Amino acid sequence: FPGEQNALTVVRDAELDVRLIGFSRRPIDNWRAILEQAVEQDRVLAILDAASVQHPNNGTIQDYRAKYQDWEARGRPMTEREQRLEVLSTHYSLLPPWNGASGIPTRLLRRHSRLLDDYRSFGGRDTELARLGDFVATEPSGYLLVTGGLGIGKSALLANWIRSRQEQDEPVCYTFINRAQNVAGERFALQNLCEQLAHYHGLRGKLPVDEIDLRALYPDLLELPVPPEAGQKLAVVLDGLDEAVDWSPGAELFPPNLPPGTHVIFSAREMPNVDWLERLELLEVAQPPLRLEAMDTEALESLLEGAGGRAAGLAAEPGFAQAVYDVSQGDPYYLGCLVQDIQRGDVTAENISEQRPNLDKYWAKWWEELARDVNIGETELYDLLGILSVAKGPLLPRDFAGISPNLRRGALIRTQL
């Protein structure tokens, strides 16, 4: 071993009890005393790790470390976690946790902060939230599918459940496959999950960037047993499998034998002739799906209260929640639109019964009001919004006029030329 100048640093990094070591003036005696205590405190590999970091170019230390690992592996059976850590080190150059060393950062996770904020207006799903919590608390491991129709509130439910776990300091790794937020590609989803899982397990190194490698790495990380010292269960959430663009999440991302303490919750929209559990080969291992339904009046009242502001005030008025239900029939997407209108003061207790009784009629009314507000005809409005929906950058009035004869003839654009 090297001289004594680094002895205390190595001892501290290996978390050895320095009070039990009898130091002398001879470096060789110090290292002998350190190693003796490392054996007593079962910290030999930690000492060799710490010395390797302090002296990365010392071949003798590196050789001792490799030989000790080999001897230890032959001297006792390796745990499942140790075996899988060795595979990650061999195949992906991802090193196991080491005291004081920086782990892999979660760079992509911040892309979801806006999406989580979008779902803060939430309520009426206490039963469903409890089902998610019970699944993680009572099952040793496993899969749970959250499903339902388009706009039924799957993403909102999972976003708020994720937030509740974060607030309780319970581990959760997640990704939202979401076209509106431009995060529906394979590379983003897999790299985001791999970063979080590697960070949770304290791994060091650099993740691959190729989709093929990430596709292989993700299930390997998912099957890595939780750290024995964690004392908590890990939840992994994949939202919106049906929104994937240019890729199709398949069974290879859902290994059937998850380690104890790992729970995967994923969501997908109900689609004709699609059985998600069958497609992902999870029929024999997944829990019964959690299917979201339209809200009843009690849940609707909870939603209004949770929204705060004008909505919370109106929720306390007799008959208002029932009137909102009569208009929306408990459709969560329509309710979200109505809550926004209530908060702006456009919908009140006096006019709630005058609102259109289904979502199609609601949007028809919105379209009429928009056309009236901007003072253009319906054909011009179609052209205007169609151009804006595909525009790659800012447009000038003459650009609209050059693209659409209807807009060129209409007053909205003609007055700007």
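The five strands of this predicted model form an open sheet in the order β2-β3-β4-β1-β5, with parallel pairing (two strands pair if DSSP finds at least two bridges between them). Strands β2 (172-176) and β5 (290-291) stand at the edges, each with a single partner strand, so one side of each is left without a neighbour in the sheet. Strand β3 (residues 234-239) pairs with strand β4 (residues 262-269) over 5 bridges in the parallel sense, and alanine 235 lies opposite histidine 263 in β4. The chain contains 20 helices and 5 strands, defined as DSSP runs of H or I over at least four residues and of E over at least two, numbered from the N terminus.

Of the 417 residues, 43% are buried (under 20% relative accessible area with a 1.4 Å probe, protein chains only). Among contacts (heavy atoms within 4.5 Å) between residues at least 6 apart in sequence, 71% join residues at least 24 apart.

The search of the whole structure yielded 1 cavity of 30 Å³ or more, a cavity being a set of points on a 1 Å grid over the protein atoms alone where a 1.4 Å probe fits but cannot get out. The largest cavity is lined (an atom within 4 Å of a point) by Thr175, Ala189, Leu190, Leu193, Tyr218, Leu238, Trp247 and Leu253. Helix α9 (residues 186-200) supplies the largest share of this lining, 3 residues.

Residues are numbered from 1 along each chain as its sequence is written. Local features need pLDDT of at least 70, side-chain atom pairs count only at pLDDT 80 or more, and totals for chains, interfaces and linings use all residues, while side-chain values use heavy atoms, with hydrogens and water left out.

Key:
Buried < 20%, exposed > 50% of the residue type's maximum accessible area, 1.4 Å probe, protein only. 1 Å grid on protein atoms, 1.4 Å probe; cavity = no way out; pocket = protein on both sides within 12 Å on 5 of 7 lines; lining within 4 Å. Points joined across faces, edges and corners; volume = space filled by probe spheres on them.
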